[in-house]
Amino acid sequence: MYKTLFSRTAILLLSLAFAACSAATPPQSQQSNPNASPPANQPKTTTSEAAQKVVALTPLTADIIHQLDQTKLVGIPGSKLVSSNPKFTGITAVTADRTPPNLEKIIALKPDLVVGAAGFHDQTMQKLQQLGIKTLLTQIDSWKSLEELTTTLAKSLNANPGSIEKIEQATSELKQALAKK
């Protein structure tokens, strides 16, 4: 139990560190520009259909999606944090360490949703949107934004309630463990 809690804590802290180091995204205007990105943690979508194939471009979103519904995760980042984890064996890596995502690999997977980090994957996401692929840019800077992202992903995947409860329990355990330190 402690090993799992430690792993989750390490993934969360590393992801938060990466998010904190990424460039800040400018505020989104409310103009009706069809190429404008949606607010962070809100998918740019035209339908309310549940995603069946999802590509995650960050370790944090790959882990959350895997926890919610591992059958829907078809693409992951190529970071050592993810590629060394046995639960991601057999899932296509669409990036290599710190290189931009490979658009050809992503398109070949025919995803319904691609999830990336605001400020880091903006250009890739814009190109995918132009191709009609639903995208979600995330910006995790607090517990609340992490919870909002998890809820948004759960809704996008139409995840079963048991998976959502499992994530909420892990988040609660993590908060308690950090509060004790």
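The predictor's confidence in each residue is expressed as pLDDT, on a scale from 0 to 100. The model described here is predicted, so local features are considered at pLDDT of at least 70 and side-chain atom pairs at pLDDT 80 or more, whereas totals for chains, interfaces and linings use all residues. Residues are numbered from 1 along each chain as its sequence is written, and side-chain values use heavy atoms, with hydrogens and water left out.

The mean pLDDT of the protein chain is 77, and 71% of its residues reach 70 or more. Among the elements of secondary structure, taken as DSSP runs numbered from the N terminus (helices: H or I, at least four residues; strands: E, at least two), confidence is lowest in α1, with a mean of 53, and highest in β1, with 95. Over residues 16-39 the pLDDT stays under 50, and the model has 21 contacts beyond four places in sequence for this stretch, a contact being heavy atoms within 4.5 Å. Residues 43-47 likewise stay under 50 in pLDDT, with 13 contacts beyond four places in sequence. Where pLDDT is low, the predicted coordinates should not be read in detail.

The protein chain contains 7 helices and 5 strands, arranged from the N terminus in the order α-β-α-β-α-β-α-β-α-β-α-α. Of its 181 residues, 41% are buried, where buried means under 20% relative accessible area, exposed over 50%, and partly exposed in between (1.4 Å probe, protein chains only). The accessible surface comes to about 10500 Å², and carbon and sulfur atoms account for 54% of this area; such areas come from the Shrake-Rupley method with a 1.4 Å probe, and for residues only the protein chains shown count as cover. Among contacts in the chain with a separation of 6 or more, 55% are between residues 24 or more positions apart.

The 5 strands form an open sheet with parallel pairing, in the order β3-β2-β1-β4-β5. Strands β3 (92-93) and β5 lie at the edges, each with a single partner strand, so one side of each has no neighbour in the sheet. Two strands are taken as paired if DSSP finds at least two bridges between them. Strand β1 is joined to the parallel strand β2 (residues 73-76) by 2 bridges, and Val54 has Leu73 of β2 as its bridge partner. Strand β1 (residues 54-56) also pairs with β4, in the parallel sense, over 3 bridges; here Val55 is bridged to Val114.

Strand β4 (residues 113-117) has 5 of its 5 residues buried. In a regular strand the side chains alternate between the two faces of the sheet. Both faces of β4 are covered, with Leu113, Val115 and Ala117 buried on one side and Val114 and Gly116 on the other. Strands β4 and β5 (residues 134-138) pair in the parallel sense over 5 bridges, and Val115 is opposite Leu136 of β5. The connection from β4 to β5 passes through helix α5 (residues 122-130) as a right-handed β-α-β crossover, that is, with the strands pointing away from the viewer, the path from the first strand over the helix to the second runs clockwise.

His121 lies in the loop between β4 and α5. This residue is buried, at a relative accessible area of 3%. Beyond its neighbours within four places in sequence, His121 contacts Leu57, Thr58, Pro101, Gly116 and Leu137.

Helix α6 (residues 143-157) has 15 residues; at 1.5 Å a residue, applied to one less than the number of residues, the expected span is 21 Å, which agrees with the 21 Å between its end C-alpha atoms. Its buried residues are Ser145, Leu146, Leu149, Thr150, Thr152, Leu153, Ala154, Ser156 and Leu157. Glu49, in the loop between α1 (2-21) and β1, has its C-alpha atom 8.6 Å from that of Leu157, although the two are 108 residues apart along the chain. Glu49 contacts Lys134 and Ser156, neighbours within four places in sequence aside, and counts as exposed at 60% relative accessibility.

Most residues other than glycine have a negative phi. Asn158, just after α6, has a positive phi of about 55°. It is situated in the loop between α6 and α7 (161-180) and is exposed, at 59% relative accessibility. Lys110, also not a glycine, has a positive phi of about 50°. Lys110 belongs to the loop between α4 (103-108) and β4 and is exposed, with a relative accessible area of 61%.
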